[in-house]
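Student: I'd like a close look at one part of this one: the place where the two chains meet. Could you walk me through that contact, and then fill in what lies on either side of it?

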Amino acid sequence: MGIKMTRGAIAYPGTSLEFKTGSWRVERPEHRHGAAPCHTACPAGEDAQAYLALVEEGRFREAWETIVGANPLPAVTGRVCHHPCETSCNRAQYDEAIAIHDVERFLGDQALKEGWTYPVSAPPASAPQVAVVGAGPAGCSAAYHLIRHGYQARLFDALPEAGGLLRTALPSYRLPRDILDREIERLLASGIQFSPGHRLGRDFSLDELRADYRAVFLAPGTQRGVEWSIGGQTPRDLHVGLDLLKQWLSVGSIPTWRSVAIVGGGNTAVDLARVLKRVGVPEVHIITHQSIPRAETAGGPDVMPAIHREVRQGLEEGIVIHEHRGVQRLVLRGEQVIGVELVHMKKLPDATGQRRFVTFEGTESLLHVEQVIPAIGQVLDPTGLEKIANKKRFLKADAWGRISGQEGLLVGGDARGDRGTVSEAIGDGRRGVAAIHNFLQSAGELQETERVLIGYDRLNLNYYEPAPRPEAPVLPVAERTAYQEIEGGLNRRQVMGEGHRCFSCGSCLACDNCWTLCPDVAVLKTQETAADGSHYVFDYSYCKGCGICAHECPSGYIVMRDEL
Amino acid sequence: MSDEVVIPVSALRRHQPRFSGLEAGHRACLGCGEALAARLVTEAAGPDVMYANATGCLEVFTTAWPDSAWRVPWIHSLFENAAAVAAGMEAAMKAQGNPTKVIAMGGDGGTFDIGFQALSGMLERGHNVFYVCYDNEAYMNTGIQRSSSTPHAASTTTSPAGPERMGKRHLKKDIVSIVAAHHIPYAATTSVAYPSDVRKKVRRAMAIDGPTFLHIHAPCPLGWGHDGALSIEVARLAVQTGLFPVIELERGGVAGVMPIREIRPVTDYLKIQARFRHLFADDVRAREELEHLQALANHNIELYGLRGDEADALDSDGADTVRRGGMRWA
């Protein structure tokens, strides 16, 4: 026929390409972008797998832009979050979890250092106006996501500065103030209209807001301490834990005693204990009816809700935690507290299965302290919200923050009562804005884009190698002060190494396995990224559906789908 | 995306960053280890080659009339004479002063049994031929009859497990030692589970002027009785258990081995294949044969020193490590 063969001898008529073996197939391989456990676990909605992939290639700015697609404050959360991403990381079952929070922190810091701005543009003056009440993490996140969605965002806060609890209740050894200031400054510069010093119920009412704005996102936090007494008694000079912490952070000094017992197991109790230690209180006790969190129990039932890392550091610093203990009686001499009577107690299921506190007779003991400070939680301050609060302690809402029966009114953060972390609050802001967007567009049912979770059993571990996790530097106890940050960060090389260690669960690694191992030359490699984000295309004309590619895919990105 | 470019798959096929001497459309079964092995060999050997192929699965499934999956010069003559045909091709090339390398290919039947005499003669005469044996451990093309490569205790249609015997009574022939005993410059074993190792050894053999031999372990889902998706898994376990030692021999002496990082019990390999299913029956003979197979693996490990000292990039666990961005299998 006189066909001129190319050097690669590409097939022409007479070769087997005429014979389409794809007709044999009963199952077809498909690329399916699964959800990495770190992504599913992130309360703020970050996709760590996605940014780790970019970090490995040194594409830091794109990695940071991936984060701020969900969370505008990565330099903050990289420091203060309890990182459930790492707890859930598939790599933890293999050797050690990826140091995701260190990568997040590195990217956040890099953005501040380089002056990166959000990939958003200020909304036009004609865009619908939405109000956000409270400039804590939930409110800041909501205002930012409103801008991302092209709305005008008016952010109110009673205080002169934005930041909420990040500013008023987080000690700077956990979150340095300059980091917070610069994160907040960039956030407010993204086009948000910020009205500081405006208090709901004093300077404006909810009705006015709802009349003036197309939607309202409430993030007032919990500004009122839970009522506390022991058998009707309280110390004569009662101090509430969070108030003391706030006082120390804003004024720089607080009353000190020789010995203090803090009642509660949350972050406030632990932060306050560590602050008291720093201002010179020799003996600081925490009394909690729950257990001390360990790496493997953190977040579980009947475990102190305080962040495990903070508890560990507190213990290093000399805090004494009395776990599974309750205060049965204040021991007074006259009106003066001289101690507390402790008793062993635990939450146990009763005959109906309901978990109730049980105190164990005969385990009472006396703890000599000068002061008892409750840090047992906060509730909503209903001022200005009386109509919707209905004398409840919190504002109940659905997963998106929508308050039942109140169109265009949403709530997020601590005020919901079922949140307790900065990251959850940031996630509330994102979800709340998705709901607002949906409502203003009348777009029907809301759906979180659900991807199938890629568990450890979906990975092919033959293709990975063990590698140690880098450890960020931590200040030795003797050098810890009230202001200096305790944890350091990882360097550029270590962070890129973490990108390399990432299993890439549910996403294409572009490792060439499918392309290399297909016996039927039915996987083709693309020079440019293929439409599904991978670098490979299945040629279904020839694919017989054997499933080697799916079985040998290291990251669970290929699935076999029944075609019969 | 506005800058999206749609490339037809047929055009994409012409722009793959690798040479493929074996095209799609061949009639191998789902998950065929031999098809994969042949593809890897042709990729690594490149275009300046000509092939002589013994009768067997590979010959049959690549050349169903009127099509051919080969994109390189290729001759099939008989079952028994691939090495002899290759020797003749090589002599003709030499006479013409043409440096094109000649590769002979056969399955285990065409190599261990039927073509053994021709192979031995080609090696003995010192032809510049690279002989590749795709070992799927039985006559799969004709209906899974046992060959001298079939491992001990495997059930085939001519060594069925039953009241009389626990599968094949005899042992797998140690072909690579026999071939190496011809004092040839290079003889090696490898497995489709380790494409980098396959390619490295193909290139090494191609570069040698003289007879060379590569023995590639290639699972047959049909004959071994496992899901086609598990072909790589099965091949990897053969290496990781020590049942298939991955070694290199130069002039008859051991020149290199792939160490096993974590030695797996042979049952991990055996239990996922129907040809060994009878070994997991409640039968005293089955228990004895399992021990026998474990002892054979232990013997290989000891003989070739396969026990790895510490994690190594080229051991049985390191050799298939992937990384983002590919080219790992270079």
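Tutor: Here is the contact first, then the core, then each chain in turn.

Keep in mind throughout that this is a predicted model. The contact draws 46 residues from chain B and 46 residues from chain A. On the chain B side, three helices each put in at least two residues: α1 (9-13), α2 (33-45) and α10 (231-241). The largest share there comes from α10(B), with four residues. Sorted by class, the side of chain B that touches chain A has 22 nonpolar, 12 polar and 12 charged residues.

Now for the core. The largest nonpolar core has 246 residues, and the members that touch the most others are A:V132 and B:A86. Helix α2(B) turns up again here, as the source of the largest share of this core, eight residues. What does B:A86 touch, leaving aside its neighbours within four places in sequence? Its partners are B:A52, B:V102, B:A104, B:M122 and B:V129. As a general background, nonpolar side chains tend to be buried together in soluble globular proteins.

On the chain A side, take strand β2 (residues 129-133). Four of its five residues are buried, so β2(A) is largely enclosed by the rest of the structure. Strand β2(A) runs parallel to β3 (residues 152-157) of chain A, and the pairing has five bridges. Within that pairing, A:A131 sits opposite A:R154 of β3(A).

Next, chain B as a whole. Its secondary structure amounts to 12 helices and eight strands. The radius of gyration of chain B is 20 Å, close to the 20 Å that the globule rule gives for 330 residues, so chain B is as compact as a globular protein of that length. If you prefer extents, the C-alpha trace of chain B spans about 60 × 60 × 45 Å along its principal axes. Of the 330 residues in chain B, 54% are buried. As for contact order, take the contacts in chain B with a separation of 6 or more: 69% of them are between residues 24 or more positions apart.

Chain A gets the same treatment. It has 18 helices and 19 strands, and its C-alpha trace spans about 115 × 60 × 55 Å along the principal axes. Buried residues account for 48% of the 564 residues of chain A. Among contacts in chain A with a separation of 6 or more, 71% join residues 24 or more positions apart.

The domain assignment splits chain A into domain 1 (16-33 + 507-562), domain 2 (37-118 + 459-501), domain 3 (129-223 + 380-440) and domain 4 (228-377). Between domain 1 and domain 2 of chain A, the centres, taken over C-alpha atoms, are 32 Å apart. Their contact involves nine residues of domain 1 and six residues of domain 2. The domain 1 side of it has three nonpolar, five polar and one charged residues.

A few local details of chain A are worth zooming in on. Strands β10 (residues 325-333) and β11 (residues 336-349) of chain A pair in the antiparallel sense over eight bridges. The two form a hairpin with two residues between them, and A:G334 in the turn has a positive phi of about 70°. One bridge to pick out on screen links A:R329 to A:E341 in β11(A).

Then there is helix α13 (residues 308-316) of chain A, where the buried residues are A:H308, A:R309, A:E310, A:V311, A:Q313 and A:G314. What do those buried residues of α13(A) pack against? The partner is α12 (267-278) of chain A. After α13(A) comes A:G318, another residue to check on your phi plot, with a positive phi near 105°.

Last stop, A:K392, which lies in the loop between α14 (386-389) and β16 (409-411) of chain A. Is A:K392 buried or partly exposed? With 13 other C-beta atoms within 10 Å, A:K392 is partly exposed. For a distance to check, the C-alpha atoms of A:K392 and A:H437 are 28 Å apart, with 45 residues separating the two along the chain.

Terms used:
Residues numbered from 1 in each chain as written. Chains lettered and ligands numbered in written order. Predicted model: local features only at pLDDT ≥ 70, side-chain atom pairs only at ≥ 80, totals over all residues. Contact = placed C-beta atoms within 7 Å. Nonpolar A, V, L, I, M, F, W, Y, C, P; charged D, E, K, R; others polar. Pairing = 2+ DSSP bridges. Rg over C-alpha atoms; globule rule 2.2 N^0.38 Å. Buried ≥ 20, exposed ≤ 12 C-beta atoms within 10 Å, placed from the backbone. Domains from an automatic or database assignment. Core = buried A, V, L, I, M, F, W, Y, C linked by C-beta atoms within 7 Å.
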